[in-house]
Amino acid sequence: MANVIRRQTPAARLGRGLLYGVLILAALFYILPLVVMLMTSVKPLSEISAGSLLSFPQNPTFAPWTKAWGEACTGMRCDGVGGYFWNSFAIVIPAVLISTTIGALNGYALTKWRFKGSELVFALMLFGCFIPFQVVLLPMAQTLGWLGISSSRAGLILVHVVFGIAFTTLFFRNFYVGIPNELVSAAKLDGAGFFRIFWRILLPVSAPIIVVSVIWQFTQIWNDFLFGVAFSAHNTQPVTVALNNLVNTSTGVREYNVDMAAAMIAALPTLVVYVLAGKYFVRGLTAGSVKG
Amino acid sequence: MRDSLPMKNTSATPLGAGAKRSTPPGGLQAWLPRLVLAPSVAISLFFVYGFMLWTFVLSLTSSRMLPSYDFVGFGQYARLMANERWWVASTNLMIFGVLFVVICLVIGSLLAILLDQKIRQEGALRTIYLYPMALSFIVTGVVWKWLLNPQLGIQAMVQGWGFESFRFDWIVDPDMAIYTLVIAAVWQASGFVMALFLAGLRGIDDSIIKAAQLDGASLPRIYWRVVMPCLRPVVFSAVMILAHIAIKSFDLVVALTGGGPGYATDLPATFMYAHAFTRAQIGLGSASAMLMLGGVLAILIPYLYSELRSRKHG
């Protein structure tokens with residue numbers, strides 16, 4: 001340590017200062033919109049029109065939050081985004097659990113029970129990660145109608161499971177490839193079956209990839225708007241659709257503080273997940289893009 | 001497991017009880033993996049490949065409000081090519097896509113390199129750079145719509161500081177509104193590119209850099225000539241993912257500009273949705289969806305090709 005400090009010339013110190021300066025400026029660019037959003041959401045309307053974007057709230061009030069939660073108008077109805085917030089959970093939780101379970105079994109079967117054509121099966125499924133969803137919207141609408149679940153939560157859960165398993169299978173397959181085959185082979189020789197090996201050998205070491213998959217699916221489905229707007233009715237909308245309706249409802253005075261509070265409500269669950277488990281979030285984002 | 005007995009059992013000579021005992025898990029166990037995968041394969045065949053084909057079929061019909069199967073050949077594609085709004089949307093995607101990808105790459109790689117200089121509080125900075133990626137594009141759109149609001153947002157704030165002539169009203173300017181999409185999208189995704197590059201940088205063997213340093217190369221030169229070439233796969237992945245986000249961009253446009261002013265900020269994704277779901281032009285909407293798929297494939301196929309090649313050689 002000591003000789004590192006001694007080697008610092010004034011020029012090097014200036015460079016270091018510049019370096020930190022740039023990094024902090026960048027941090028401000030990313031953090032300020034969130035700060036503004038939060039401050040605006042607790043300002044009364046009068047303060048918003050009189051003050052500026054970055055002025056600190058003088059008389060903080062939670063009224064915009066309660067209004068956004070329970071009273072603000074989203075389209076025709078005026079019961080806030082609260083109900084839609086729970087809608088989102090009712091869609092996200094089953095969809096995440098089902099798609100992660102299927103992905104885990106798929107990944108296991110594709111890596112530990114390889115058969116002729118298993119690589120082809122994987123490639124076939126992987127393609128589902130890349131299609132633009134516009135190409136499935138119209139047939140999906142009709143299929144949901146045939147199944148009798150159009151505009152229902154069950155329909156949205158189905159859609160998210162169907163288009164989520166490509167990702168979850170990818171996560172688990174790439175993870176299980178790295179688990180040595182010897183243990184599995186030994187268990188097979190001992191006569192253990194497919195599910196028993198999965199339950200006793202693979203599942204106990206799968207915690208990290210389960211977290212990655214759950215977080216990835218949670219943020220993807222929570223943040224979804226396209227499927228939500230295309231396949232929901234007013235009482236089954238997810239919160240992203242309700243937020244967009246709230247912001248674009250043009251009745252009376254534009255209440256920016258309520259808009260911002262509603263945006264915060266819609267953003268909080270994924271932000272909390274990110275703060276608590278950021279490491280796994282990054283791993284999910286980079287899975288499949290950086291090899292290994 | 002693969003070459004065990006079931007094959008032999010089908011042959012003419014019956015092997016009897018002894019053979020049965022030497023296939024411990026039995027036929028069902030051998031088929032279980034395939035049975036487990038079967039539903040997913042069926043789902044993928046129907047909901048991905050089947051639906052793509054279905055949309056293609058729709059794009060060849062004159063469907064309006066409801067799907068009808070009255071075929072008109074490639075008429076819808078011809079109508080699309082003659083549609084001015086489609087050209088606006090496609091041109092917008094080119095502008096938006098190129099700027100979004102390039103700016104994200106520049107900011108992301110720069111931040112990653114700066115963060116790689118043994119920075120104090122690196123973890124905290126990384127968290128701040130990356131958090132927008134956890135948000136919904138709808139939230140991002142709502143926030144930036146507020147920041148870009150000429151009466152109350154950034155323009156009003158800077159004017160309030162005494163710079164009366166300051167103008168930043170791009171969101172209501174048909175010629176500039178497309179750039180507000182770029183700003184918001186870069187804000188959301190550049191931290192992710194930073195994370196990709198940082199992971200790549202950490203994977204590079206230090207001894208290469210040390211050797212270059214001993215040769216007397218300057219730090220910027222080392223990064224440009226030694227480190228960047230090592231990161232080529234990361235750049236490639238990042239471009240692929242960003243281009244993919246750009247083509248699929250729908251929610252951000254809806255929340256930030258609503259495609260406006262007029263249809264100045266329409267993208268193919270919003271064009272498709274508007275025609276298929278609100279303007280009763282299912283045939284035309286399907287044709288635009290197929291062109292979007294074509295765009296994705298044009299990016300994807302070279303990517304997959306190089307991935308497979310590098311796997312074979314690597």
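## Where the two chains meet

In this predicted model, 81 residues of chain B are in contact with 70 residues of chain A. Helix H3 of chain B, which covers residues 26-59, supplies the largest share of the side of chain B that touches chain A, namely 17 residues. Sorted by character, the residues on that side of chain B comprise 63 nonpolar, 14 polar and 4 charged ones.

## The nonpolar core

The largest nonpolar core holds 169 residues, and the members that touch the most other members are Val81(A), Leu243(A), Ala262(A) and Ala263(A). The element that gives the most to this core is helix H9 of chain B (residues 177-202), with 16 residues.

What is Ala263(A) in contact with, once its neighbours within four places in sequence are left aside? Its partners come from both chains, for Ala263(A) is in contact with Met37(A) and Leu243(A) as well as with Val139(B), Val142(B) and Val143(B). One of these partners, Leu243(A), is itself among the core members that touch the most others.

## Two enclosed helices

Leu243(A) is also one of the buried residues of helix H13 of chain A. Because 9 of the 10 residues of this helix (residues 239-248) are buried, helix H13 of chain A is largely enclosed by the rest of the structure. The buried residues of H13(A) include Thr240(A), Asn244(A) and Asn245(A) alongside Val239(A), Val241(A), Ala242(A), Leu246(A) and Val247(A).

The three valines of chain B that are in contact with Ala263(A) are found among the buried residues of H7(B), as Val139(B), Val142(B) and Val143(B). Helix H7 of chain B (residues 137-147) has 11 of its 11 residues buried, and is therefore largely enclosed by the rest of the structure. Among the other buried residues of H7(B) are Phe137(B), Thr140(B), Lys145(B), Trp144(B) and Trp146(B).

## The overall form of chain A

Chain A has 14 helices and 0 strands. Its radius of gyration is 24 Å, well over the 19 Å that the globule rule gives for 292 residues, so chain A is more spread out than a compact globule. Taken along the principal axes, the C-alpha trace of chain A spans about 75 × 75 × 30 Å.

Of the 292 residues in chain A, 45% are buried. When the contacts in chain A with a separation of 6 or more are considered, 75% of them are accounted for by residues 24 or more positions apart.

## The overall form of chain B

Chain B has 15 helices and 0 strands. With a radius of gyration of 27 Å, well over the 20 Å given by the globule rule for 314 residues, chain B is more spread out than a compact globule. Its C-alpha atoms fill a box of roughly 95 × 70 × 30 Å along the principal axes, and 40% of the 314 residues of chain B count as buried. Among the contacts in chain B between residues at least 6 apart in sequence, those that join residues at least 24 apart make up 67%.

The domain assignment divides chain B into domain 1 (6-49) and domain 2 (84-313). The centres of domain 1 and domain 2 of chain B, taken over C-alpha atoms, are separated by 47 Å.

## A loop with positive phi values

Most residues other than glycine have a negative phi. Lys118(B), although it is not a glycine, has a positive phi of about 50°, and this residue is found in the loop between helix H5 (84-115) and helix H6 (122-130) of chain B. Gln121(B) lies in the loop between H5 and H6 of chain B, and its phi is likewise positive, near 60°.

Is Lys118(B) buried or exposed? Lys118(B) has 7 C-beta neighbours inside 10 Å, and therefore counts as exposed, whereas Gln121(B), with 13 other C-beta atoms within 10 Å, is partly exposed.

## Confidence in chain A

The mean pLDDT of chain A is 86, and 93% of the residues score at least 70. Within chain A, confidence is highest in helix H5 (residues 82-112), at a mean of 94, and lowest in helix H1 (residues 2-6), at 46.

Residues 1-5 of chain A have a pLDDT below 50, and this stretch has 0 contacts in the model beyond near neighbours in sequence. The pLDDT also stays under 50 over residues 288-292 of chain A, although the model has 10 contacts beyond four places in sequence for that stretch.

Key: Residues numbered from 1 in each chain as written. Chains lettered and ligands numbered in written order. Predicted model: local features only at pLDDT ≥ 70, side-chain atom pairs only at ≥ 80, totals over all residues. Core = buried A, V, L, I, M, F, W, Y, C linked by C-beta atoms within 7 Å. Buried ≥ 20, exposed ≤ 12 C-beta atoms within 10 Å, placed from the backbone. Helix = DSSP H or I, 4+ residues; strand = E, 2+ residues; numbered from the N terminus. Contact = placed C-beta atoms within 7 Å. Nonpolar A, V, L, I, M, F, W, Y, C, P; charged D, E, K, R; others polar. pLDDT = per-residue confidence, 0-100. Domains from an automatic or database assignment. Rg over C-alpha atoms; globule rule 2.2 N^0.38 Å.
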